[in-house]
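Student: Could you take me through this model and explain how each label is earned?

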Amino acid sequence: RDARAAMFDRASARARRAKKYGQPIYAGAWLDDRTALLAGGGGKKSSGIPNRILIASCERGPHGTTLADAEAWTHTDEDAPQRLAVHPGREHVVCAFGGTLGVFRARRGANDGANDGASSSGTNGEARWTIESCASALGLPNRVHVTPDEREIKCAAFDAEGARLALGLESGEVKILAWPSLEVEKELGAHEKGAVTDIAWAPDGDGLLTTSAENATASNIGRGAAVWSVERGERVLTLFDESIVKKSGVRNVVFRGAAYGRGTNASTSVAWTGVNLDGEGWVVKWDVATWKVISKARVFKSEPISGFAVNAQGTLIAVGSSEGEVKVVDAQKFTLIKPVKKAHMIFVTTMAWNPKGNVVLSGSADASALATKIEKQSWTLRLVLWFTVFVMLIVGWITLLSTIFPDPLARALEEGDYARAAQAVADYFSETKIPAATLETIEDAVAGVSARDEL
């Protein structure tokens with residue numbers, strides 16, 4: 001028992017930058033670049049753990065960027081929030097509770113002391129966030145039933161215009177809902193053998209990319225990740241590339257995470273997926289014109305990916321593991337940008353980038369959330385470093401010349417008299433009887449240097 005307690009204490013110390021909120025965190029999103037939205041809970045009241053959607057801001061602390069205490073929240077009775085989708089207008093929030101949906105409004109303004117079912121830590125007169133149900137204002141019931149038997153909703157995403165909401169269900173079904181009515185507009189079909197784990201809209205607003213928990217080995221072609229046409233209302237193709245499963249003996253290939261973005265130049269489009277190969281976490285980049293793999297890289301050697309997010313700029317990928325680790329990699333080259341060991345004590349449940357694309361939010365069922373900021377490398381610093389190296393090379397070259405050649409050259413270089421330095425070099429080679437052609441070449445080169453005194 002003592003050994004287990006010590007292990008727990010060590011894990012707690014490593015996760016000191018993560019903020020605890022007193023409830024398992026199942027979903028995360030952003031209202032703006034500094035304000036995070038978190039949701040989760042314990043389900044039935046008998047658990048003693050609250051079910052809440054809460055708002056917390058990022059702040060700069062001694063250990064870097066951290067999340068503050070919750071400044072506003074709303075309780076969701078006995079329904080534990082599972083997924084969040086923020087409307088592009090950044091005011092309305094759709095929350096999935098198992099097989100139903102609820103709609104909330106998050107706003108910032110002066111605290112007038114009113115509650116309206118929401119709570120806040122702000123004082124009267126202080127500008128603060130509030131979040132509360134707005135279903136009745138939109139003519140909706142408190143909970144919208146997507147399916148008659150309340151099949152669980154596993155992921156949700158708005159299109160760029162905010163006119164449609166795509167849902168992925170535990171049954172493998174993919175549905176398109178109209179906003180704000182939340183009526184089913186189209187049913188695209190279903191993955192046959194597993195829940196939809198992530199869903200992403202294509203830039204053209206017609207395509208959808210989904211990933212599924214079904215096993216997608218070479219013997220199970222037709223499972224895994226799929227591309228859908230919303231206009232045609234059907235599956236276009238299933239992603240499969242032999243290079244992903246070329247490792248001999250792979251028994252489990254499970255896709256986890258989906259996103260679209262730009263390639264290395266503005267004219268190309270790519271997509272990214274996470275994939276777990278026998279418990280190893282990989283990220284894969286696809287060419288959307290051919291749906292062939294462009295590149296792939298292993299991000300976790302002995303841990304599967306449990307959280308995945310690509311920033312809106314298409315420059316950074318964040319992945320979370322089943323052991324609570326978080327990594328940020330370059331989205332184009334897959335080079336490691338920032339690892340966060342033991343960011344959480346147990347598996348990562350949710351990841352989301354802020355609109356600016358420089359802070360990633362991660363949450364876990366251990367009731368913790370973490371904001372990881374990626375500092376942009378300064379070009380000024382790069383120039384200073386390169387200039388320093390350049391000066392050191394010049395100093396080293398002058399020192400070498402001063403050592404090899406006689407004192408007159410050293411004195412001439414110190415005084416900046418390049419003509420006299422050239423003559424000293426010429427005299428030196430003349431004394432050592434260097435061939436005339438070589439001597440002329442050396443004199444011409446040194447004369448060229450003397451003609452550029454401004455350097």
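The conversation below sets values against definitions, one label at a time.

Student: What makes some parts of the model less trustworthy than others?

Tutor: This is a predicted model, in which local features need pLDDT (the predictor's confidence in each residue, from 0 to 100) of at least 70, side-chain atom pairs count only at pLDDT 80 or more, and totals for chains, interfaces and linings use all residues. Residues are numbered from 1 along each chain as its sequence is written, and side-chain values use heavy atoms, with hydrogens and water left out. The protein chain has a mean pLDDT of 85, and 78% of its residues reach 70 or more. Over residues 10-15, however, the pLDDT is below 50, and beyond near neighbours in sequence this stretch has seven contacts in the model, where contact means heavy atoms within 4.5 Å. The pLDDT is also below 50 over residues 449-455, a stretch with three contacts beyond near neighbours in sequence. Where pLDDT is low, the predicted coordinates should not be read in detail.

Student: How many helices and strands does the protein chain have?

Tutor: The count is five helices and 31 strands, where helices (H or I, at least four residues) and strands (E, at least two) are DSSP runs, numbered from the N terminus.

Student: Why is Gln 23 called buried?

Tutor: A residue is buried under 20% relative accessible area, exposed over 50% and partly exposed in between (1.4 Å probe, protein chains only). Gln 23 has a relative accessible area of 0%, so it is buried, although it lies in the loop between strand 1 (19-20) and strand 2 (27-30). Leaving aside neighbours within four places in sequence, its contacts include Ala 39, Gly 40, Ile 49, Arg 52 and Ala 367. The C-alpha atoms of Gln 23 and Ser 368 are separated by 8.1 Å, while the two residues are 345 residues apart along the chain.

Student: What makes the pair of Gln 23 and Gly 40 a polar contact?

Tutor: A polar contact is a pair of N or O atoms within 3.5 Å; within protein, one must be able to donate a hydrogen and the other to accept it, and residues adjacent in sequence count only if both atoms are side-chain atoms. A polar atom of the Gln 23 side chain lies 3.0 Å from the backbone oxygen of Gly 40. Likewise, a polar atom of the Thr 350 side chain lies 3.1 Å from the backbone nitrogen of Gly 28.

Student: How do you know whether Thr 350 is buried or exposed?

Tutor: Thr 350, found in strand 29 (residues 348-353), has 10% relative accessibility and therefore counts as buried. Not counting residues up to four places away in sequence, Thr 350 touches several residues, among them Ile 25, Tyr 26 and Leu 361. Asn 354, in the loop between strand 29 and strand 30 (359-364), counts as buried too, because its relative accessibility is 2%.

Student: Which label fits Arg 90, and what is unusual about its phi?

Tutor: Arg 90 has 35% relative accessibility, so it counts as partly exposed. Its phi is near 65 degrees, a positive value in a residue other than glycine. Lys 342 also has a positive phi, of about 50 degrees, although it is not a glycine, and at 27% relative accessibility Lys 342 counts as partly exposed.

Student: Why is the pair of Asp 366 and Lys 20 called a salt bridge, and what does the pair tie together?

Tutor: A salt bridge is a side-chain nitrogen of Lys or Arg within 4 Å of a carboxyl oxygen of Asp or Glu. For Asp 366 and Lys 20 the N to O distance is 3.9 Å, inside that limit. Asp 366 lies in the loop between strand 30 and strand 31 (368-373) and Lys 20 in strand 1, so the pair ties together parts that are 346 residues apart in sequence. Asp 366 counts as buried at 13% relative accessibility, whereas Lys 20, at 44%, counts as partly exposed.

Student: Which residues are linked in a network of salt bridges?

Tutor: The structure holds 15 salt bridges, and a network of them links Asp 149, Arg 151, Glu 173, Lys 175 and Glu 187. Within it, Asp 149 and Arg 151 have their closest N and O atoms 2.7 Å apart, while Glu 173 and Lys 175 meet at 3.5 Å, N to O.
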